[in-house]
Amino acid sequence: MVEPSLSLAGVQMRNRVIVAAGCHGADGDIIVDTSRADVAAITTKTITAQAVEDVRPCFSKVEGGFLNCVFGTTLPAEQWFERELPRARDAGIPIIASVAGVSPDEAADLAARAVDAGATMIEMPTVCPHMGEILEAMFPGLTMPPPEVHDVAPYVAILQAVKQAVDVPVVAKFSALFHADVVKWATAVEAAGADAIACADAFGPVIGIDIETGEPLLGGPRGAGGLTGPALKPIALRMILEMAQHVSIPLIGVGGIRKAEDAIEYFMAGASYVGVVTAGHLDGAD
């Protein structure tokens, strides 16, 4: 179904269903294949300056949800800019490049290069709840502080740098960790120039244990990961409802959408679009 004159921050959309960041945006060929499901737009896996291999296993289905330990793309940034994003343009729909930098300058550089390579929009994720523990184990001597979930200033600084570096819409993507302060974060990023907000990314850190082996369901030092899927929906839905009462920029509801009724709940709460990812991992792109 195509909705006439439908747009997200000025970008034309064929409908209201977006593929959120995940394995269906893993490279240019997969993006083109996924586009055949008639979605409105596709988000890439998060592009970072230094790609990091996933732990194994990195996914596990659990009752009510899905555990994952995936930080972002395992492909080098240069490959994204030289091959994957140009290839993704063959999908014929908007491509949202998810990029993450450790500093405002690095994030701005990645975003600008992504746009030059063909990205239609930029998405800026906030925090990955399990990243610090995994990276400290993978790189001895590395020390990472806990993810910042109360002070919005560092994220605003990165967002503003990205906005200055690109001339396409920029979407702020919130982690479910911000559920208690979501209005503060939403009003802050709107004031900083964000063109839309996607909510919510994984909740965590969380673990699951195989009682037959006594081992964690996920890889890594203690099997820590993030929770997505149906169990996340009540949290994300409430976050969308709260934000809709305080900001005027479009909201993209993400979390636990597996059927039309789930999307309708998000629309009723105030979302203009929905993002789907876990359902595609579990059930396939169709």
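**View 1. Helices α6 and α7 are oblique to each other (oblique covers angles that are not under 35 degrees, roughly parallel, over 145, roughly antiparallel, or 65 to 115, roughly perpendicular).** In this predicted model, the axes of α6 (residues 182–191) and α7 (residues 233–244) come within 9 Å and cross at roughly 50 degrees. Axes are lines fitted to C-alpha atoms over the stretch in contact, with angles from 0 to 180 degrees between N-to-C directions. Helices (H or I, at least four residues) and strands (E, at least two) are DSSP runs numbered from the N terminus. V182, V183 and A186 of α6 meet R238, M239, E242 and M243 of α7, where contact means heavy atoms within 4.5 Å. These residues comprise 5 nonpolar, no polar and 2 charged; Ala, Val and Met are among those counted as nonpolar, and Glu and Arg among the charged.

**View 2. Cis peptide bonds.** One cis bond joins R56 and P57, with omega about -5 degrees; P57 is in the loop between β5 (47–48) and β6 (59–62). Another joins C199 and A200, with omega about 20 degrees; A200 belongs to strand β11 (residues 196–201).

**View 3. Residues with positive phi.** A9, not a glycine, has a phi of about 50 degrees and lies in the loop between β1 (7–8) and β2 (11–12). D38, also not a glycine, has a phi of about 65 degrees and is found between α1 (28–35) and β4 (41–43). A9 counts as partly exposed at 34% relative accessibility, as does D38 at 34% (buried is under 20%, exposed over 50%, partly exposed in between; 1.4 Å probe, protein chains only).

**Notes.** Residues are numbered from 1 along each chain as its sequence is written. Local features need pLDDT of at least 70, side-chain atom pairs count only at pLDDT 80 or more, and totals for chains, interfaces and linings use all residues, while side-chain values use heavy atoms, without hydrogens and water.
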